[in-house]
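I opened this model to go through its helices, packing and charged pairs. My entries follow in the order I looked things up.

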Amino acid sequence: MSYSEAKKYYESFGIDTDAVIKKLSDVSISMHCWQGDDVGGFDSKESLSGGIQTTGNYPGKARTPEELMADMDKALSLVPGNHRINLHACYAIFEDGQWADRNELEPKHFAKWVEYAKERNMGIDFNPTFFSHPKASGLTLSSSNEDIRSFWVQHAKCCIKIAEYFANELNTFCTLNIWIPDGMKDIPADRLGPRAQLKKSLDEIFATEFDKEKVLITLESKVFGIGLESYTVGSAEFYLSYATKNGIMPLMDNGHYHPTEYVSDKIPTMLLFNDKIALHITRPVRWDSDHVVLFDDETKEMAKEIVKNDALDRVIMALDYFDASINRVSAWVTGMRNWQKALLSAMLTPWNEMKKLQDNGDFSRLMVSGEELKTAPMGDVWNEFCLRNNQDGGMKWFDEIVAYEKDVLLKRG
């Protein structure tokens with residue numbers, strides 16, 4: 001089927017595919033830098049900690065800021081549209097040997113990233129890094145050791161200033177997401193105490209003066225991690241309660257819940273009570289294993305809830321996964337394009353009409369309509385979307401990845 005035929009097909013459902021393509025072209029996704037080097041960063045030689053682990057040793061891992069930026073350029077060049085990048089604090093770039101610990105980070109340590117983003121007309125999102133550090137071997141913001149707790153409080157305050165620097169320099173907001181790996185492997189004697197310490201730390205962090213229109217702070221919960229199986233201080237209930245009380249934006253990572261929970265079901269509820277929400281989009285396999293995003297059922301369901309509730313401007317969308325078992329650049333492109341496909345699929349659905357069917361109790365027609373659309377010619381609209389954004393809708397982009405691997409990645413040793 002050609003695009004013109006697909007256009008006519010969707011017109012029968014009241015969908016203007018040209019308008020859909022324009023809308024999708026305006027959606028920016030935040031691409032996470034840490035897929036390119038297995039969450040290594042540049043500020044430390046510490047191994048990954050905090051329940052984070054990568055598997056695989058595919059050749060071509062980025063080893064320097066220049067290599068990482070080159071790989072990100074290659075990935076972004078193969079994704080339709082104009083997007084954002086997402087950094088962790090451990091990706092600070094120290095020039096002339098001017099290393100600084102995380103509680104002393106300054107905007108100047110990220111000047112190279114601002115230069116990179118300006119040249120490409122992109123915004124930057126940011127994350128304090130509370131893992132892979134000598135002071136992160138146990139609890140961080142929830143620690144009862146005041147030296148450790150205050151160290152990480154100061155780190156978060158530094159990151160707020162850096163996020164504000166990004167926003168001012170790039171003339172766009174910066175989402176600053178706080179996630180900590182604090183928890184315990186076995187059953188704790190005291191569940192309340194660490195959470196009281198975390199609350200105290202957050203109160204101190206948010207006492208910092210910053211422009212709330214420019215820096216959008218979010219809180220990200222988690223169920224557990226490796227070595228933190230029995231207790232997580234920053235649980236969903238803790239962060240949601242704190243965010244609601246203090247006017248902080250909640251961030252949901254769809255891998256950070258029990259396997260029987262679905263973020264797609266949580267999105268509409270969160271939209272009822274928050275002006276904006278944020279997502280880290282990933283693919284858990286049985287647990288939070290941060291696999292490359294696929295065009296799978298839950299990915300499509302999350303996109304549906306955003307689109308059908310007219311919330312594209314209310315949901316900040318970022319990807320979060322790290323796979324060292326496959327070509328890292330192809331992992332970026334695959335995930336980015338699959339999230340765009342999920343949004344496109346949702347935009348090609350006549351939600352207003354289907355809502356009317358539900359309200360009128362016409363569940364037979366509702367079911368039949370939904371099933372019919374499962375085999376609709378979305379692929380032809382995707383190809384046209386890519387074409388209008390100077391991209392190929394098929395797999396030709398992968399040929400570029402193969403050539404890049406041969407010419408660049410495999411030569412890194």
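**Entry 1: helix H7.** I started with the exposed residues on one side of H7 and found Glu237, Thr244 and Lys245 there. The model is a predicted one, and I read it as such. Which residues of helix H7 are buried? I found Phe238, Tyr239, Tyr242 and Ala243 buried in this helix, which runs over residues 236–246. Looking down the axis of H7, I saw that its buried residues fall within an arc of 120°, so they line one face of the helix. The exposed Glu237, Thr244 and Lys245 are on the other side.

I then looked up what covers the buried residues of H7, and the cover includes helix H6 (192–206) and strand E6 (215–220). After H7 comes Gly247, and I noted that its phi is positive, near 65°.

**Entry 2: Leu202 and the cores.** I went on to the contacts of Leu202. Leaving out residues up to four places away in sequence, I listed Leu141, Leu219, Phe238, Tyr239 and Tyr242 as residues that Leu202 touches. Three of these names, Phe238, Tyr239 and Tyr242, were already in my list of buried H7 residues.

Which members of the largest nonpolar core touch the most other members? I noted Trp113, Phe126, Phe166, Leu202 and Trp339, out of 125 residues in that core. Helix H5 (residues 146–170) gives the largest share of this core, with twelve residues. I also found a second, separate core of five residues, with Leu216, Met249, Ala278 and Ile316 among them.

**Entry 3: Lys199.** I placed Lys199 in helix H6. Is Lys199 buried, exposed or partly exposed? Its relative accessible area is 38%, so I entered Lys199 as partly exposed. Not counting residues up to four places away in sequence, Lys199 touches Phe238 and Tyr242. I had both of those down as buried residues of H7.

I checked Lys199 for a salt bridge and found one with Asp203, with the closest N and O atoms 3.2 Å apart. Both residues lie in helix H6, four residues apart, which is about one turn of the helix. Asp203 has a relative accessible area of 35%, so I entered Asp203 as partly exposed too. I also took one distance across the model: Lys199 and Val79 are 120 residues apart in sequence and 40 Å apart in space, C-alpha to C-alpha.

**Entry 4: other salt bridges.** I counted 25 salt bridges in the structure. One of them joins Asp71 and Arg412, with 2.8 Å between the closest N and O atoms. Where do the two partners lie? I placed Asp71 in helix H3 (residues 65–76) and Arg412 in the segment after helix H14 (396–407), so that the pair links distant parts of the chain, 341 residues apart. I marked both Asp71 and Arg412 as buried.

I next looked at Glu261, which forms a salt bridge with Lys266, the closest N and O atoms being 2.8 Å apart. Glu261 is partly exposed at a relative accessible area of 30%, and Lys266 counts as partly exposed at 22%. I then traced salt bridges that share partners and found Lys7, Asp16, Asp18, Glu384 and Arg388 joined into one network.

**Entry 5: rings.** I counted 16 aromatic pairs. Tyr9 and Phe13 form a tilted pair, 5.5 Å centre to centre with 45° between the planes. Tyr9 counts as buried at 19% relative accessibility; the cut-off is under 20%. Phe13 has 23% and is partly exposed.

I set beside this the pair of Trp397 and Phe398, which is edge-to-face, 5.8 Å centre to centre and 90° between the planes. I entered Trp397 as buried at 12% and Phe398 as partly exposed at 33%. Which residues form one aromatic cluster? I listed Phe110, Phe126, Tyr165 and Phe166.

Last, I looked for charges over rings. I found Arg84 over the face of Phe173, 4.1 Å from the ring centre. I also found the charged end of Lys212 over the ring of Phe210, 4.6 Å from its centre.

How values were computed:
Residues are numbered from 1 along each chain as its sequence is written. This is a predicted model: local features need pLDDT of at least 70, side-chain atom pairs count only at pLDDT 80 or more; totals for chains, interfaces and linings use all residues. Side-chain values use heavy atoms; hydrogens and water are left out. A nonpolar core is a set of buried Ala, Val, Leu, Ile, Met, Phe, Trp, Tyr and Cys residues joined through side-chain atoms within 4.5 Å. Buried means under 20% relative accessible area, exposed over 50%, partly exposed in between (1.4 Å probe, protein chains only). Helices (H or I, at least four residues) and strands (E, at least two) are DSSP runs, numbered from the N terminus. Contact means heavy atoms within 4.5 Å. The arc is that of the directions from the helix axis to the C-beta atoms. A salt bridge is a side-chain nitrogen of Lys or Arg within 4 Å of a carboxyl oxygen of Asp or Glu. Rings of Phe, Tyr and Trp (its six-membered ring) pair if their centres lie within 6.5 Å; planes under 30 degrees apart count as stacked, over 60 as edge-to-face and the rest as tilted. A charge sits over a ring if NZ of Lys or CZ of Arg is within 6 Å of the ring centre and within 35 degrees of the ring normal.
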